[in-house]
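Got the viewer open and your selection syntax warmed up? Let's walk through this one stop at a time.

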Amino acid sequence: MFFYTKNPCFFYTKCEFETILTLNKTMELIKLKNRKKIVNVSVAAIIAALYVVLTYLASAFGLASFAVQVRFSEALTILPIFTPAAIPGLFAGCVLANILTGCALWDIVFGSLATLLGALGTYFLKKHKIFATLPPIIANTVIVPVVLLNVYNLEGTYWFFALTVCLGEIISCGVLGTVLRKSLERSDLFDRLK
């Protein structure tokens with residue numbers, strides 16, 4: 001059996017025609033995967049940039065560093081619920097924000113690690129959205145006081161800094177993050193990126 005093509009000079013056998021169809025489907029799948037990769041990298045970059053800008057905003061009000069930290073950018077740790085691309089975006093954004101705001105090297109390392117652990121925890125709790133803000137709150141509450149005591153040599157106890165960091169994280173992750181999550185659930189922003 002022969003199949004007619006757009007070019008009148010060519011005819012394909014059934015086997016050749018099926019091979020061409022399979023090749024076309026394969027090419028479409030490759031294009032789709034490449035598109036998803038580009039979208040994921042772009043989303044991660046946008047989230048990193050937002051993290052830096054929001055940290056600068058908090059810094060302008062004196063809220064981004066030291067004992068009481070209400071980083072507006074930490075509200076973004078809710079984003080792994082919507083896309084896994086948020087995880088590297090949040091980590092990169094935290095590293096950049098910590099570098100650009102003049103944090104000490106160990107603060108850059110461990111503060112960014114706390115954000116990464118929080119984002120991963122949020123991703124793993126995405127089916128239990130009510131608990132999704134807990135991982136960044138817990139990670140920062142445990143890690144940041146150690147940094148404040150050992151890197152910046154601030155006067156106070158671990159438990160005092162744990163309390164102040166926890167309060168700041170409850171405001172930024174718990175309250176602002178929940179408001180952000182509910183707003184994004186009403187929109188179809190991340191659905192359109194899939």
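Start with Leu 176: at 33% relative accessibility it counts as partly exposed, where buried means under 20% relative accessible area, exposed over 50%, and partly exposed in between (1.4 Å probe, protein chains only). Leu 176 sits in helix H5, residues 158-186; helices here are DSSP runs of H or I with at least four residues, strands are runs of E with at least two, and both are numbered from the N terminus.

A word on the ground rules before the next click. This is a predicted model, in which local features need pLDDT of at least 70 and side-chain atom pairs count only at pLDDT 80 or more, while totals for chains, interfaces and linings use all residues. Residues are numbered from 1 along each chain as its sequence is written, and side-chain values use heavy atoms, with hydrogens and water left out.

**Stop 1: the patch around Leu 176**

Now widen the selection to Leu 163, Leu 167, Ile 170, Ile 171, Val 175, Leu 176 and Val 179. Together they make a nonpolar surface patch with about 580 Å² of accessible area. Patch members have over 30% relative accessible area and no salt bridge; nonpolar side chains (Val, Leu, Ile, Met, Phe, Trp, Tyr) are joined within 5 Å, like charges within 9 Å. Areas come from the Shrake-Rupley method with a 1.4 Å probe, and for residues only the protein chains shown count as cover.

**Stop 2: zoom out**

Show the whole chain as a cartoon. You should find six helices and two strands, running β-β-α-α-α-α-α-α from the N terminus. The chain has 194 residues, 37% of them buried. Its accessible surface is about 11500 Å², with 72% of that belonging to carbon and sulfur atoms. If you like contact maps, take the contacts (heavy atoms within 4.5 Å) between residues at least 6 apart in sequence: 61% of them join residues at least 24 apart.

**Stop 3: the charged trio**

How many salt bridges does the structure hold? There are two, counting a side-chain nitrogen of Lys or Arg within 4 Å of a carboxyl oxygen of Asp or Glu.

Select Glu 185 and Lys 129 for one of them, at 3.3 Å from N to O. Glu 185 is in helix H5 and Lys 129 in the loop between H3 and helix H4 (134-150), so this pair ties together parts 56 residues apart in sequence. Both ends are partly exposed: Glu 185 at 34% relative accessibility, Lys 129 at 33%.

Add Arg 181. Its closest N and O atoms in the salt bridge with Glu 185 are 3.2 Å apart, and the two residues, four apart in helix H5, are separated by about one helical turn. An α-helix has 3.6 residues a turn, so residues three or four places apart point the same way. Is Arg 181 buried or exposed? Arg 181 is buried, at 11% relative accessible area. Through shared partners, the salt bridges join Lys 129, Arg 181 and Glu 185 into one network. Leave Arg 181 selected and expand to its contacts: not counting residues up to four places away in sequence, Arg 181 touches Ile 78, Ile 81, Phe 82 and Lys 129.

**Stop 4: helix H3 and its end**

Move to helix H3, residues 105-124. Its 20 residues reach 29 Å from first C-alpha to last, close to the 28 Å expected at 1.5 Å a residue; that expected span is 1.5 Å times one less than the number of residues. Colour by burial and you'll pick out ten names to check: Asp 107, Ile 108, Gly 111, Ser 112, Ala 114, Thr 115, Gly 118, Ala 119, Gly 121 and Thr 122 are the buried residues of H3. 

Next, the rings. A search of the whole structure finds four aromatic pairs, where rings of Phe, Tyr and Trp (its six-membered ring) pair if their centres lie within 6.5 Å; planes under 30 degrees apart count as stacked, over 60 as edge-to-face and the rest as tilted. One of these pairs is Tyr 123 with Phe 124, edge-to-face at 5.6 Å centre to centre and 70° between the planes. Tyr 123 is partly exposed at 24% relative accessible area, whereas Phe 124 is exposed at 65%.

**Stop 5: two loops**

Pick Thr 101, in the loop between helix H2 (86-100) and H3. Thr 101 is partly exposed, at 24% relative accessibility. Run a C-alpha distance to Thr 55: the two are 46 residues apart in sequence and 8.4 Å apart in space. Apart from neighbours within four places in sequence, Thr 101 is in contact with Thr 55, Tyr 56 and Ser 59.

Last click: Asn 153, in the loop between H4 and H5. Asn 153 is not a glycine, yet has a positive phi of about 50°. At 57% relative accessibility, Asn 153 counts as exposed.
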